[in-house]
Amino acid sequence: SDHISGVTESEKKRLMSDGFSKLEEAEKLKNKRDWQGLREFSLKYLTDNLMIFGDLNIIVVKMREILMDSYIELCQWEEALKVARSLKPAYEKYYPPINPFIGLHLFKMCKLINQTCDDTPNLQHSMGLLDRVIGILTITHGGTHPYVEESKGILKDLHTEITERLTTQDEDNM
């Protein structure tokens, strides 16, 4: 609530309390699996409150997580990736570098990048993130965890694809 300026302490407390109530409402929609309603609810909350709270406020972060999940459930990959990218700085501020939340968030980001982006720079960025995912999740979940194994497989596939692209590009330039 540090971002909230120009309001009294009691108003700050009221705004935060209202925000936590909205998170509870969002969780109810999530439990009902009402993804469309959840998307609309979280978008409205963020539109109305982002300027009040700022990007790093815990309520904003949690509401963005909910929004990202609703986009994923609705197969709106590009929108989910935008939200995932907006969450990354907050995660990196709140959690230490080796933390399961960071690893799992980066794993989601990689999958979204791979789902939505076909250009070599984005795929190379995804490879760098996957290296981090594997490092983090190996420590937090163990080297044989399904997410670690899946990350290794995705990384191998990306490496093969990018190598083929660069080889083809080199051959075309000869």
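**Group meeting: F101, its ring neighbours, helix α4 and the cysteines**

I'll start with F101, which is partly exposed, with a relative accessible area of 46%. Please keep in mind that this is a predicted model.

What does F101 pair with? The ring of F101 pairs with that of Y95: the centres are 4.9 Å apart and the planes are at 25°. Planes under 30 degrees apart count as stacked, so the Y95 and F101 pair is stacked. Y95 itself is partly exposed, at 22% relative accessibility; the cut-off for buried is under 20%.

Y95 also pairs with Y91. Here the centres are 5.6 Å apart and the angle between the planes is 75°, which makes the pair edge-to-face. Y91 is at 7% relative accessibility and therefore counts as buried. Taken together, ring pairs link Y91, Y95 and F101 into a cluster. Across the whole structure, the search finds three aromatic pairs, and I have described the Y91 and Y95 pair and the Y95 and F101 pair.

Now to the helix that carries Y91. Y91 is one of the buried residues of α4. The others in that list are A80, L81, V83, A84, L87, K88 and A90. Note that a lysine, K88, is among them. An α-helix has 3.6 residues a turn, so residues three or four places apart point the same way. What do the buried residues of α4 pack against? They pack against α3 (58-73), α5 (100-116) and α6 (120-141).

Helix α4 also has a kink of about 30° at L87, shortly before the proline P89. How does the length of α4 compare with what 1.5 Å a residue would give? The helix covers residues 77-94, which is 18 residues, and should span 26 Å; the end C-alpha atoms are 25 Å apart, so the two agree. I would put the two results side by side: a kink of about 30°, and an end-to-end distance that agrees with the expected span.

Last, the cysteines. How many disulfides are there? The count comes to zero. For C110, the nearest cysteine sulfur is that of C117, and it is 11 Å away. A disulfide needs the sulfur atoms within 2.5 Å, so C110 is in no disulfide. The same holds from the other side: C117 is in no disulfide, and its nearest cysteine sulfur is that of C110, at 11 Å. Buried or exposed? C110 counts as buried, at 1% relative accessibility, and C117 counts as buried too, at 13%.

Notes
Residues are numbered from 1 along each chain as its sequence is written. This is a predicted model: local features need pLDDT of at least 70, side-chain atom pairs count only at pLDDT 80 or more; totals for chains, interfaces and linings use all residues. Side-chain values use heavy atoms; hydrogens and water are left out. Rings of Phe, Tyr and Trp (its six-membered ring) pair if their centres lie within 6.5 Å; planes under 30 degrees apart count as stacked, over 60 as edge-to-face and the rest as tilted. Buried means under 20% relative accessible area, exposed over 50%, partly exposed in between (1.4 Å probe, protein chains only). Helices (H or I, at least four residues) and strands (E, at least two) are DSSP runs, numbered from the N terminus. The expected span of a helix is 1.5 Å times one less than its number of residues. The bend at a residue is the angle between axes fitted to the seven residues ending there and the seven starting there. Contact means heavy atoms within 4.5 Å.
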